Amino acid sequence: MVSIESLREQFDEIGLEPSTDVIDKCLEICSRCGVDDPVEFVETWMAYSVSKLGGAEPTVDTLRDMESHEFANKVRKTKDLPSVLTTPSAVNRVRQNAAVGSPGSPRGGDAGLVIYSNTDLNSVDAEVLGSYGCVTPKAQKPVSKLHGSTPVRNKALFSPASYSPLSSKQSQEQDGPNNSGNVVYTFGNGQLLKQINWSSGDVIRSGRLSIEIPTLKEGDHGEESVAASDELGKFMNADCKYMFDSSYERSLILGDRIYEGCKGICRRLAQLKLEESQVKPLQKDEIEGDLTAVEPNDQDVTTVETVPIHHVDYHSSEVINVMGRIVVHPERKNDNLAIVDFDEMTLRYMKLDFSKLKTWSVFPGETVVLEGVNQRGNAFEVQKVHFEGTLQLPKAPTKLGSELNMVIASGPYTDKDDLLYEKLSDLLAYCKNNSPDVLILTGPFGDVTNSLFSTIAETYEEYFEKIITNIMSSVSPNTEVLIVSHHDDLMSMFVYPSFPYEINSKHQNLRFLPDPCVIAINGLQIGITTADVIKDLSEAEVSGDPKGDKIKRAFNYMFHHKTFYPLHPPPESLPLDLDLLNSFGGLPRVPNMMICPGDLKCYIRDVHGCVCINPGRLSDQSSGEGTFARVVVKQPESETTVPFNYVVCQVVKS
């Protein structure tokens, strides 16, 4: 109900103190035009003032002009309604419905005129039609498979304070079938899938979940040192410096990456040759001799884990081993591949020739040991590529206890044409009905590319806190909410790795996590990164007739390079800080699960016993649709149980 006090209160919120005459004129317009919400009236005035008057304060004259522009159409629509009540086709449909007792027959059993409309009529329209004895059947709203019915959205839940009324393009255009709830990807044993209950409300869990995240401890000298769990790595916080690394420091980090990575590769090669020698004992001395055959006076040979390594510019007509980092020159059509040597004192660089290989694949920044020859000294002819080290594979979480139910979603969470967050509201309604044990949400919540955030009438920090508060009030207190940052979020510094979000309010079941990070839930290790590393690796990869799945190859690169982002240099869209990545972006072992949301089509893969998931975007900015993932993890029988027999995952349309 509009009153003097409610109008003054709304004008006061936007910093205006209108006179008594102006307030009286506002009441007059509201009464004449049927406006019963003071918020709607003041927002309409602000939209009109900003667009037509340059943000001027209201006067009696400007209010009169606003009434003629903004509210005249509503009044005219009410007056013109009777002129459309004589449609012959509609009369025929009513008579047919009345004859068969259709639900479309008029109230009271009397035949009357039926008006078919795709929009719901307001109270004024309904009264006018009622006076003519007419019934207007409401348009059938699409039913969501996800909720069992069309969820009732609270449009004001995530709406920011704005100078203009917000409308939902999705609500206006979504008249066709609702695809929400359709399963687009499934992973897991078929028999296990039949036993799965996606709602954890019926699961009785003794005590709270044990969620381990990287935590900092005070060092002996007051410095923040290693985490409580060495397997989870270190934890970023606001005290960490970023973008402070110099070119010299970056070169040292890249040099260390070459040496440490190639050391692991050579260790694996030596182990393989040792196993071959055990299979063929007669050739053991010969093989060991080949491994350690290093001329004492040869200054160009270095022994790494018993494997002789030459510099990349070493001339040789015999097969030698070299190690270094792959360099790609995309601007060149020919001779676009090269290798940078591990030598810290001298820059050694050599072109690569892969013409002798039938199947191969490399990417910029890859650490490799190559076998081949360099006869003329102008190009290294590659015969074999080695990049695989020894992996520390995951063990099934035998201490999981009862089954673990998780929901995973990735931003953006709202359409690019509005800030109503309808997809997020639907997801929270699903979580409220099914009560998952864990809800993992990855950014961005406020995408820097969305220009609508520059139009809101509050700071984004205030708006973000309102979003988080509404999320926490919408889910069960028994649901643990984990929110992972994103470098393209308005709440983040534009740097990767990204710092965790911060808000003023506290919630017991809420944790903010940096990007990337590794967490453990009842022993189930989960790696998470919001950088689109799989897409970046797939697009940057250079190959010749490669075999296998490119997504699996990308994850294989990550695991063997023991880092969340092995690509170097990164694309321009990623603000990579090598020093931070070296400190906080390590992946020392393969986790049980990897969550890597990105722009590629959603997928679920098993790579080295790790379930790798791309849940897609909750609100796809190009198609307007979206997806999220739901996961149920059963108690495995032993540590050697494969994920296919204890993990069930589905990617579902939002």
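Two strands count as paired if DSSP finds at least two bridges between them. The model toured here is predicted.

**First sheet**

Select strand E15, residues 480-484, together with strand E16, residues 510-513. Four bridges join E15 to E16, and the two run parallel. For one of the contacts along this pair, pick Val484: its bridge partner in E16 is Leu513.

Now widen the selection to the sheet that holds this pair. Seven strands make up an open sheet with mixed pairing, in the order E1-E24-E23-E13-E14-E15-E16. Its edges are E1 (183-187) and E16, each of which pairs on one side only. On average, neighbouring strands are turned by 15° against each other, direction ignored.

**Helices on the first sheet**

Add helix H11, residues 422-434, which packs on the sheet. H11 touches E13 (404-410), E14 (438-442) and E23 (627-633), and its direction makes about 175° with that of E13. Next, show helix H12, residues 460-474. H12 lies across E14, E15 and E16 and runs at about 135° to E16.

**Second sheet**

Move to the open sheet of six strands, ordered E2-E17-E18-E20-E22-E21, where the pairing is again mixed. Strands E2 (211-212) and E21 (603-607) are the edges, each pairing on one side only.

Within this sheet, select E17 (517-521) and E18 (524-528), which pair in the antiparallel sense over five bridges. Which residue of E18 is the bridge partner of Val518? The partner is Gly527.

Finish with helix H14, residues 550-561. H14 lies across E20 (593-595), E21 and E22 (610-614), running at about 50° to E21.

Key:
Residues numbered from 1 in each chain as written. Predicted model: local features only at pLDDT ≥ 70, side-chain atom pairs only at ≥ 80, totals over all residues. Heavy atoms only, no water. Axes fitted to C-alpha atoms, helices over the stretch in contact; angles between N-to-C directions. Contact = heavy atoms within 4.5 Å.
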